[in-house]
Every structure is written in structure tokens, then in C-alpha cells.
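Notebook open, structure loaded. I want to see how the strands pair, how the helices sit on them and what fills the inside.

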Amino acid sequence: MIRIDDLALFVRSAALGSFSAAAREIDLLPGQVSAAIQRLERDLGIRLFARSTRSLRLTADGEQYLPYAQGALESLREGHERVHAETAAIKGVLQIAAPSDLGRNVLLPMLTEFRRAHPQLTLRLSFSDQVADVFRDPVDVALRYGNMEDSSYVAMPVDPGNRRVVVASPAYLAAHGAPASLDALTSHTCLRFMLHGRVYDKWAFQEDGKRRVVAVSGPLVSDDADIVRRWAVAGEGIAYKSRLDVAEDIATGRLVPLLDGVVGDAIPLNLVCPHRKQFSPAIRLLHAWLQDRVARHFPATERPRRAAGGRARKG
């Protein structure tokens, strides 16, 4: 008879490409994981992995069996959660990934409050701008910006109307003036974000109903979006950020929105997970909680004040 624990170890070993990594996740010895996989292979009568001293990869049979193993584990988990959803408080471990700036400066107090409301729940938070894979990484759900096109996931909207906004600090504007047009951005110091080695130096906008892309430059680049925001607050240049990320800075006057009449790129915020996990009571409650808190603190109709007065620098 196939053991559920053996199935789980097979799925994690396949995701991580290593018996040792799978063992470390649950505090086992690599030999114990290897023995579990061998037992599963005997039960199935097939070989799941091709092993060598340097690598571990799925066989053709292993690749064919993997989605069935994943589905079986998800079905068992979903069944357990649905049976207990109405009678028990949510508990266990919920692993959440989110972008660094959004996570630290916007979501952290909301998630802390959520955990306080559900004292039997343990949260494991991962705040990083490296995009989490909710299948491969040990993550239950991820907060992501942008439209989701992968049908393997379900994207539950948290702030569907979120957009990017061009911002700078009062100190920067006093020293350099505000750009009077999109073209003027090319003559300003712009703070750029980098992901997987790619520098995002082309900023896209909607102007007069048409899409515009502006190539920007500047001496400061970071793969941490929170650092880009901090540079902007410190007066080091102009940033192009999610409205959610800078809403508090705008409200307190630390940053000023620029280029009135220009619409920033749409980057809706979604809660992303594999399809089956959307039925988890913890994830359903978290989704409702975040929707409510984000709508309450950052209403979509909010129109922050824009730069007024001072000299404008033309391109």
C-alpha cells in the first residue's frame, strides 16, 4: 500500500532536485528520504528517479506520475480542510511570499494582525523580489503584481485597480525641478529596479489614450524595490513605483506624484496559489482580510496631491 508520507517526499524531492534538500525541510536524514522513494518505487513497480553521484532527475515514468502524486496530496489536504472548516479554528502553518517593499512596508502589519486574530496559525513570511514558485518553493500563497497568464495558478484579486506612479521627494524637486512631460524624464536622474540581472530602464505609460515607453537612466540600480523607494525618499532621484508601495509616503509628503494626466502601467495586486489551494479556509480568510485592509487604507479612488509650484525642467 502506498504511504502518503512517501508520496509527499517524492513530490518535494522532484521539486528540489535533491533528496538532501527534501530531508532538510522536515528534519530527516537523506538516507531516510532515499529509502522512502525506493519503497514507493517498489509499490508502483516503476523507477521514479535517475540517480547519479552528481544529479537527480525524474525518469519518464516519474514525470508522468508526478502530477498524479501532486493531485492526490492536494485532494487529501483539501478534503481535510473542508471537513474541519466549519468546526475548527484555522491552524497550522501558512507560508506567504510577497515583494520586498510591499511586504515590509504595507503587508507586514496586516499579516501580523491577521495572525493575531487566528492565534493557532503560524505564519512563515518570505519578503523578496525574487518571484516565488508556488509549486516548487515551500510557499502556500504569494502576493504578486501584474496580470497572471499561467493557467496553472488562480489569481484572487486584492487590489485590481493598482497602477504605477512617478514620484520624487520635495528635496529632489527643489533641487532639480519637476519633469514637465514624459520626454523630460530622460534628462532626470531616475532610480531603476533590477530583476534576475535585467535592469528595468524602460518605463511604460498611457498618455492621451496611447501607450508610451520612455528610456530612463541614472547611477543608482537595485534588485530590492524597497531600496529604490528609500532612495526616492532620500532625494536621490525619480522612481516609478506601485501606488500601494508609496501611498503612505505620498500621504505624509515624503514623496510627491508627478506628471498629472499621465496614467501609469496597470499592475493589479493578486493573491496567487495553485487552483486547489484557493479552497483552503486559511487562504480564503487571508484573501478577504487583505482585500478589506487594502481597500480601507488605500482606496482605489484616492487622488493624492501632485507636485505644484516650483520650476519645471523641460526635456
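**Entry 1: the small sheet.** I began with strand β11, residues 202–207, which pairs with β16 in the antiparallel sense over 2 bridges. Note to self: this is a predicted model. For a landmark I picked F205, which stands opposite G264 in β16. Zooming out, I found that the open sheet here has 3 strands in the order β12-β11-β16, and the pairing is antiparallel. The edges are β12 (210–215) and β16 (263–264); each has a single partner strand, so one side of each is left without a neighbour in the sheet.

**Entry 2: the five-stranded sheet.** Next I traced an open sheet of 5 strands and wrote down its order, β4-β3-β5-β17-β6. Its pairing is mixed. Which strands stand at the edges? They are β4 and β6, and since each has a single partner strand, one side of each lacks a neighbour in the sheet. I also noted the twist: neighbouring strands are turned by 25 degrees against each other on average, direction ignored.

I then looked at one pair in detail. β3 and β4 run parallel and are joined by 7 bridges. Q95 has R124, in β4, as its bridge partner.

**Entry 3: helix α5.** I followed α5 over the sheet and saw that it lies across β3, β4, β5 and β17. Against β4 it runs at about 175 degrees.

Then I checked α5 against α8. Their axes come within 9 Å and cross at roughly 45 degrees. That angle makes α5 oblique to α8. I logged the crossing of the two helices as left-handed. Which residues meet there? From α5 I listed D101, L102, N105 and V106, and from α8 L244, D245 and E248.

**Entry 4: the cores.** Last, I looked up the largest nonpolar core, which has 30 residues. L94, L143, L271, L286 and L290 touch the most other members. I went through the elements that each supply at least two residues of this core. Among the strands are β3 (92–98), β4 (121–127), β5 (141–145), β6 (153–159) and β17 (269–274). The helices are α5 (100–117), α8 (243–251) and α9 (281–297).

I clicked on L290 to list what it touches, not counting residues up to four places away in sequence. I got L107, M110, L111, L143, V158 and L271.

Apart from this core lies another, of 20 residues. L9, L40, L48 and L73 are among them.

How values were computed:
Residues are numbered from 1 along each chain as its sequence is written. This is a predicted model: local features need pLDDT of at least 70, side-chain atom pairs count only at pLDDT 80 or more; totals for chains, interfaces and linings use all residues. Side-chain values use heavy atoms; hydrogens and water are left out. A nonpolar core is a set of buried Ala, Val, Leu, Ile, Met, Phe, Trp, Tyr and Cys residues joined through side-chain atoms within 4.5 Å. Buried means under 20% relative accessible area, exposed over 50%, partly exposed in between (1.4 Å probe, protein chains only). Helices (H or I, at least four residues) and strands (E, at least two) are DSSP runs, numbered from the N terminus. Contact means heavy atoms within 4.5 Å. Two strands pair if DSSP finds at least two bridges between them. Axes are lines fitted to C-alpha atoms, for helices over the stretch in contact, and angles run from 0 to 180 degrees between N-to-C directions. Angles under 35 degrees count as roughly parallel, over 145 as roughly antiparallel, 65 to 115 as roughly perpendicular and the rest as oblique. A crossing is left-handed if the near helix is turned anticlockwise from the far one by less than a right angle, and right-handed if clockwise.
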